[in-house]
Structures are given as structure tokens and as C-alpha cells.
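Work through the exercises below with the sequence and the 3D view side by side. Try each task on your own before you read its solution.

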Amino acid sequence: MDESGVQGVRQPIWVSDAMRAVQHTVERIGPTHIPVLVTGESGTGKEVIVRALHAASLRSHQRLVVVDCAAITPSLMESELFGHQK
């Protein structure tokens with residue numbers, strides 16, 4: 001970790017003890033192949049955490065696709081995320 005906290009995320013969000021715990025988790029699991037699902041209420045910074053995870057990941061050189069699951073029906077979401085077979 002450098003002065004800016006997790007790569008790609010500015011330092012001010014990592015000020016509280018709770019966010020430092022999140023930062024530690026991002027640093028710990030970012031460079032692994034573990035699938036991660038980020039959930040939370042609207043406006044809590046889920047996309048910021050996802051971008052930090054992506055920046056810390058082994059796939060950071062690849063494109064990140066962010067999906068707003070609340071905007072997709074459950075049946076379509078399953079098909080979009082996991083594929084569809086006829």
C-alpha cells in the first residue's frame with residue numbers, strides 16, 4: 001500500500017477504521033482468483049470498491065465490466081451473468 005491507499009482509489013475514503021478494514025480486504029483478496037460479490041445499499045460506494053478490487057487484481061490489465069443488477073430483471077440477470085443455452 002502506498003500513500004494513496006489501494007491502487008486507483010484516493011486516500012480520503014480509507015480514513016475510518018471500518019474502511020481501513022475494507023482496504024485490507026481489498027489488498028488481501030485483490031491479487032487472488034477468488035470471485036467477489038459486492039453488495040450494499042445505494043450510495044455506499046460499491047463501485048469504488050469494485051474498481052479498487054479490479055486495480056489490485058491479476059486481471060487489472062483487462063477491461064472491467066460493471067453491472068447494475070438492480071436495473072435488470074432476475075431472469076435476464078442470470079442469463080447475462082452466467083450465459084444462456086437453448
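The exercises that follow go from the whole chain to single residues, and they concern a predicted model.

**Exercise 1. The whole chain**

Task: Find how many helices and strands the protein chain has, and state what share of its residues count as buried.

Solution: Begin with the elements, of which the protein chain has three helices and zero strands. Read from the N terminus on, they therefore follow the order α-α-α. Turn next to the cover of the residues: of the 86 residues in the protein chain, 16% count as buried. The accessible surface of the protein chain comes to about 6900 Å², and carbon and sulfur atoms hold 56% of this surface. Finally, consider the contacts in the protein chain between residues at least 6 apart in sequence, 39% of which join residues at least 24 apart.

**Exercise 2. Two helices that pack together**

Task: Describe how helix H1 and helix H2 pack, and name the residues that meet.

Solution: First locate the two elements, since helix H1 covers residues 17-29 and helix H2 covers residues 46-56. Their axes are 8 Å apart and form an angle of about 35°, and the crossing of H1 and H2 is right-handed. Next look at the side that each helix offers: from H1 come Met19, Val22, Val26 and Ile29, and they meet Ile49, Ala52, Leu53 and Ala56 in H2. Sorted by class, this contact of H1 with H2 has eight nonpolar residues, with no polar and no charged ones. A general rule helps in reading the numbering of such a helix face: an α-helix has 3.6 residues a turn, so residues three or four places apart point the same way.

**Exercise 3. The nonpolar core**

Task: Which residues make up the largest nonpolar core, and which helix gives the largest share of this core?

Solution: The largest nonpolar core has six residues in all, namely Trp14, Val26, Ile29, Ile49, Ala52 and Leu53. When these residues are assigned to elements, H1 and H2 each turn out to supply at least two residues of this core, while the largest share, three residues, comes from H2. The list of buried residues in H2 is made up of Ile49, Ala52, Leu53, His54 and Ala55, and the buried residues of H2 pack against H1.

**Exercise 4. Buried or partly exposed?**

Task: Decide whether His54, Ser57, Lys46 and Val38 are buried or partly exposed, and list their contacts, leaving aside neighbours within four places in sequence.

Solution: Take His54 to begin with, a residue of helix H2. His54 has a relative accessible area of 17%, and because buried means under 20%, His54 is buried. Apart from those neighbours, His54 is in contact with Arg59, Ser60, Gln62, Arg63 and Leu64.

Ser57 lies in the loop between H2 and H3, and with a relative accessible area of 16% Ser57 is buried as well. Apart from those neighbours, Ser57 is in contact with Gly30 and Pro31. Ser57 and Pro31 are 26 residues apart along the chain, yet their C-alpha atoms are separated by 4.4 Å.

Lys46 has its place in helix H2, and at 25% relative accessibility Lys46 counts as partly exposed. Apart from those neighbours, Lys46 touches Val38, Thr39, Gly40 and Glu41.

Val38 is found in the loop between H1 and H2, and its relative accessible area of 27% makes Val38 partly exposed. Apart from those neighbours, Val38 touches Lys46, Val50 and Leu53. The C-alpha atoms of Val38 and Val50 are 7.1 Å apart in space, although the two residues are twelve residues apart in sequence.

**Exercise 5. The helix at residues 74-82**

Task: Count the buried residues of helix H3, and examine the backbone of Gly83.

Solution: Helix H3 covers residues 74-82, and among its nine residues the count of buried residues is zero, so that H3 is hardly covered. Moving on to the position just after H3, one finds that Gly83 takes a positive phi of about 90°.

Conventions
Residues numbered from 1 in each chain as written. Predicted model: local features only at pLDDT ≥ 70, side-chain atom pairs only at ≥ 80, totals over all residues. Heavy atoms only, no water. Helix = DSSP H or I, 4+ residues; strand = E, 2+ residues; numbered from the N terminus. Buried < 20%, exposed > 50% of the residue type's maximum accessible area, 1.4 Å probe, protein only. Contact = heavy atoms within 4.5 Å. Areas by Shrake-Rupley, 256 points an atom, 1.4 Å probe, with all protein chains shown as cover. Axes fitted to C-alpha atoms, helices over the stretch in contact; angles between N-to-C directions. Left-handed = near helix turned anticlockwise from the far one by under 90°. Nonpolar A, V, L, I, M, F, W, Y, C, P; charged D, E, K, R; others polar. Core = buried A, V, L, I, M, F, W, Y, C linked by side-chain atoms within 4.5 Å.
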